Amino acid sequence: MTLSPDVVPWREAWQGALYGPQGFYRNPAGPAGHFTTSTHGVAGRVLAEALWAWADVLGADGIVDVGAGRGELLGALRAAAPGRPLTGVEVVARPTALLPDVEWLVSPGGARLPDDLAPVRALVIAHEWLDVVPCTVAAVGDDGGLREVCVDVRTGEESLGWPLDDADLDWCARFWPSATGADARPGDRAEVGRHRDAAWEDLIGRMSGGAAIAVDYGHRVAQRPGEGTLTAYRQGVQVAPVPDGSCDLTAHVAVDSLQQDELLTQREALRRVGVSGLTPEHTLAREDPAAYLSALGAASAATSLLDPGGFGTFWWVVSNTGRVHAGIP
Ligand SMILES: C[S@@+](CC[C@H](N)C(=O)[O-])C[C@H]1O[C@@H](n2cnc3c(N)ncnc32)[C@H](O)[C@@H]1O
């Protein structure tokens, strides 16, 4: 099989498109220039308070934010808990607007982490990191076997490449069985989480206590999407995935293949630390109108984060490396 130099396996194209010298995530605007996540604005404030509550229960003094964007969540964490240790990890140099007491580590990107990220004794939060860690994309060929999907980096046109290697096949047999079993049909896809599992394991392996939480959209083995989830966003709009550096490339995470002590929905995780979305008492409106409005905004953001039809279905993958008992009721 001969491929044009522009046609490469998706995982390789994805890595170059997001983290190469002209990669999408090296753009000065950062992810917030293209899409909004729960780490921004008032939602970020609610999330930051919940994360400090989790940090306390898990026995972590500080927080390390892997995939820190341009420091949006770090800003909310600092405002919620002045003086506690904070570190951001990102593929770009330290943002100029970052508060001076926040540490910053520059990372290679994707599955690779900076050498100086160790030993970590903190709560590590990876909010929407793993969905942008490139993974092997596979599809069932006419012969019924899984093959790697290749892509033309100029156009996004796909073609089938070599049969999957044994390690990826073993991963699929265990974690994406619908693509390897008797019911698999030509064209069925699998997004092989093996390299994401390894990236997560690498992160946890650098820790000397504390805990790590990956927050992301994903699926479990019984509900793997046979058509795959790889897609792209540019300036807030979903577009066809072309790995040319002009758009974000993302695929949902196989959350149950990651090393973990607990797997929760965001709704469960936030409710455990008292996030309720309840509106403030009306008396506050008379006593302190500004505080009332602020609490009202936070309640509305909390409701959105808990929404069982929206952000509430995000997954929280918890790895309690310090084996501190999660004594949250
Ligand atoms: C989808 S954005 C999420 C940003 C932010 N956490 C949020 O939720 O708004 C993913 C971010 O992870 C960063 N990233 C990807 N791989 C990384 C790595 N190995 N180390 C540090 N940051 C990484 C990207 O550069 C990007 O800014």
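Start with the second largest pocket of this predicted model: eight of its lining residues are nonpolar, three are polar and one is charged. Its volume is about 200 Å³. From there we'll look at the other spaces, then the cores, one helix, one buried glutamine and the domains.

**The second largest pocket**
- Here's who lines the second largest pocket: Val 46, Glu 49, Ala 50, Val 273, Gly 274, Val 275, Ser 276, Gly 277, Leu 278, Ala 298, Ala 299 and Ala 302.
- Two elements, H2 and helix H8 (289-306), each give two or more residues to that lining.

**The largest pocket**
- The largest pocket has a volume of about 710 Å³.
- It has 41 lining residues, and Phe 35, Thr 37, His 127, Glu 128 and Asp 131 are the closest to its centre.
- S2, H3, S3, strand S12 (231-234) and strand S14 (248-250) are the elements that supply two or more residues to the lining of the largest pocket.
- Sorted by class, the lining of the largest pocket comes to 17 nonpolar, 17 polar and seven charged residues.

**The cavity**
- If you go looking for cavities of 30 Å³ or more, the count is one.
- The space in the largest cavity is about 30 Å³.
- Around the largest cavity sit Trp 176, Glu 191, Gly 193, Arg 196, His 219, His 252, Val 253 and Ala 254.
- That lining breaks down into three nonpolar, three polar and two charged residues.

**The nonpolar cores**
- There are 63 residues in the largest nonpolar core, and the ones with the most contacts inside it are Trp 14, Trp 54, Ile 63, Leu 123, Ile 213 and Trp 316.
- Helix H2 (residues 41-57) chips in nine residues, the largest share of this core.
- Both domain 1 and domain 2 give residues to this core, so it lies between them.
- Another core, of 25 residues, lies apart from the largest one, and its members include Val 66, Leu 113, Ala 199 and Val 255.
- Want a look at Ile 63 up close? Skipping neighbours within four places in sequence, Ile 63 is in contact with Leu 51, Trp 52, Ala 55, Leu 77, Pro 85, Leu 86, Thr 87, Ala 122, Leu 123 and Ile 125.

**Helix H3**
- Helix H3 covers residues 72-80, and its buried residues are Leu 73, Leu 74, Ala 76, Leu 77 and Arg 78.
- Among the elements covering those buried residues are H2, strand S2 (63-66), strand S3 (86-90), strand S4 (103-106) and strand S5 (120-127).

**Gln 266**
- You'll find Gln 266 in helix H6 (residues 266-272).
- Gln 266 counts as buried because its relative accessibility is 0%, and the cut-off for buried is under 20%.
- Leaving out neighbours within four places in sequence, Gln 266 is in contact with Val 215, Leu 305, Phe 311, Gly 312, Phe 314 and Trp 316.
- Trp 316 also turned up earlier, as one of the residues with the most contacts inside the largest nonpolar core.

**The two domains**
- According to the domain assignment, domain 1 is made of several stretches (36-134 + 193-217 + 252-273 + 298-319), while domain 2 is residues 135-192.
- Between the C-alpha centres of domain 1 and domain 2 there are 30 Å.
- Where the domains meet, 11 residues of domain 1 are in contact with nine residues of domain 2.

Terms used:
Residues numbered from 1 in each chain as written. Predicted model: local features only at pLDDT ≥ 70, side-chain atom pairs only at ≥ 80, totals over all residues. Heavy atoms only, no water. Core = buried A, V, L, I, M, F, W, Y, C linked by side-chain atoms within 4.5 Å. Buried < 20%, exposed > 50% of the residue type's maximum accessible area, 1.4 Å probe, protein only. Helix = DSSP H or I, 4+ residues; strand = E, 2+ residues; numbered from the N terminus. Domains from an automatic or database assignment. Contact = heavy atoms within 4.5 Å. 1 Å grid on protein atoms, 1.4 Å probe; cavity = no way out; pocket = protein on both sides within 12 Å on 5 of 7 lines; lining within 4 Å. Points joined across faces, edges and corners; volume = space filled by probe spheres on them. Nonpolar A, V, L, I, M, F, W, Y, C, P; charged D, E, K, R; others polar.
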